[in-house]
Amino acid sequence: MFEHVTPYAGDPILGLMDKFANDPRTDIKVNLGVGVYYTEDGKLPVLECVKSAESQIANPPRPRGYLPMDGLPGYRKACQDLLFGKDNEAVKAGRVATIATLGGSGALKVGADFIHEWYPNAKCYVSNPTWGNHISIFEGAGIEVGKYPYYDAATIGVKFDEMCEFFKGLNENDVVLLHPCCHNPTGVDLSNEQWDTVLTIIKDKKLIPFMDIAYQGFGDDMDGDAYAIRRAVEMGLSVFVSNSFSKNLSLYGERVGGLSVVAPTKEEAERVHGQLKFTVRRIYSSPPAHGNAVVDTVMNDAALFEQWVGEVYEMRDRIRDMRQKLQDTLSAKLPERDFSYFTKQRGMFSFTGLTAEQVVRLRDEFAVYMVENGRMCIAGLNNKNVEYVANAIAEVLR
Ligand code: PMP
């Protein structure tokens, strides 16, 4: 019956998590693989604002009816306020269709299915490199995926001119998947000026920008990290935005995200909204209630919102501190090398430039786990392990 079914090789990042969990070197092992924020104590945090929201929601316990296909209205509003800014003209004009989704992954899937249905000839281009699941999700939706030049290993920056030239060669309605902030896996972002240039090309060539924002608040701040999104809307672009609350609310397992589509008119936005609901209906029907309620409660209560932003900035600042410590320690050990990229990159990740062989040595000899492409999750570092990790890296670089 299932002889023809091929084995699944497993996800490289999630597979690494299993290896880490089974590693008996409990006294020294360090997990810098998966994109998860850990506290200074190496724990997954439960944010204070989430604790407060959850106690409000639990008293009295709510009945658990189905949510609407597109999620709670307050949740959808929260996505819009955060991404586009309060009082955004397009939002006020009813030109933005927003639905709650199962995490950022769910938003990408619903968006990809919608694109495949309504732009059947569109190809999707992702940055080289990108988060691996971008490719899987778009290919899984039946869309051909290509790569545009992005990361420049020589400068640990962006191949900006090549990227622009590549975009100029694409066809109308091709999709370009962009990371508005905290690029995964490299940590290397475009400047605002570069965004202006790229968005102008996108507009001229009539490409479809699909912006995936999973780390809002971890780069500069809530507004600064949304620059590309807001600029695209200002320029009159019909942008798709997938957002995730997994990291900035530390609600990974609740599957909380959103998909927003900005349309030229209110009437088009309403039609798009209807089709997004239909897309949801035929995949999973409606989103989970608990996560929707938590996000709705935190984001629409002024005090809890303020507390939340403060907690995100605490996470951001701890990551920055770890970047600095890693850079300082490594620079002291190997003064002939330049480690300044650690503090230039933004967000949770750093592309370290370590080779697959060096990454394997880190794991085998030092129990330091990173993704084989050299991506390190800085949020797995803390004051107790940063020196150990720096020593280990220095050893494999010698
Ligand atoms: N986009 C990017 C760039 C990500 O890094 C991630 C999470 N690793 C996601 C989307 C998916 O987020 P979620 O876990 O909410 O599905």
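**A tour from two crossing helices to two domains**

Helices α5 and α10 are roughly perpendicular to each other, because their crossing angle falls in the class from 65 to 115 degrees. This is a predicted model, in which local features need pLDDT of at least 70, side-chain atom pairs count only at pLDDT 80 or more, and totals for chains, interfaces and linings use all residues. Residues are numbered from 1 along each chain as its sequence is written.

Select residues 103-118 for α5 and 266-281 for α10. Helices are DSSP runs of H or I with at least four residues, strands are runs of E with at least two, and both are numbered from the N terminus. The two axes, lines fitted to C-alpha atoms over the stretch in contact, come within 10 Å and cross at roughly 115° (angles run from 0 to 180 degrees between N-to-C directions).

Next, select the ligand and the residues around it (C-beta atom, placed from the backbone, within 6 Å). Among them are G35, W131, H179 and D212. Helix α5 gives the most to this shell, with three residues.

Now colour domain 1 (12-46 + 309-397) and domain 2 (66-300), whose bounds come from an automatic or database domain assignment. Their C-alpha centres lie 28 Å apart. The contact between them (C-beta atoms, placed from the backbone, within 7 Å) takes 25 residues from domain 1 and 22 residues from domain 2. On the side of domain 1 that touches domain 2, select α12 (302-333) and β11 (349-351), the elements that give two or more residues. Of the elements there, α12 gives the most, with six residues.

Technical notes: Parallel < 35°, antiparallel > 145°, perpendicular 65-115°, else oblique. Contact = placed C-beta atoms within 7 Å.
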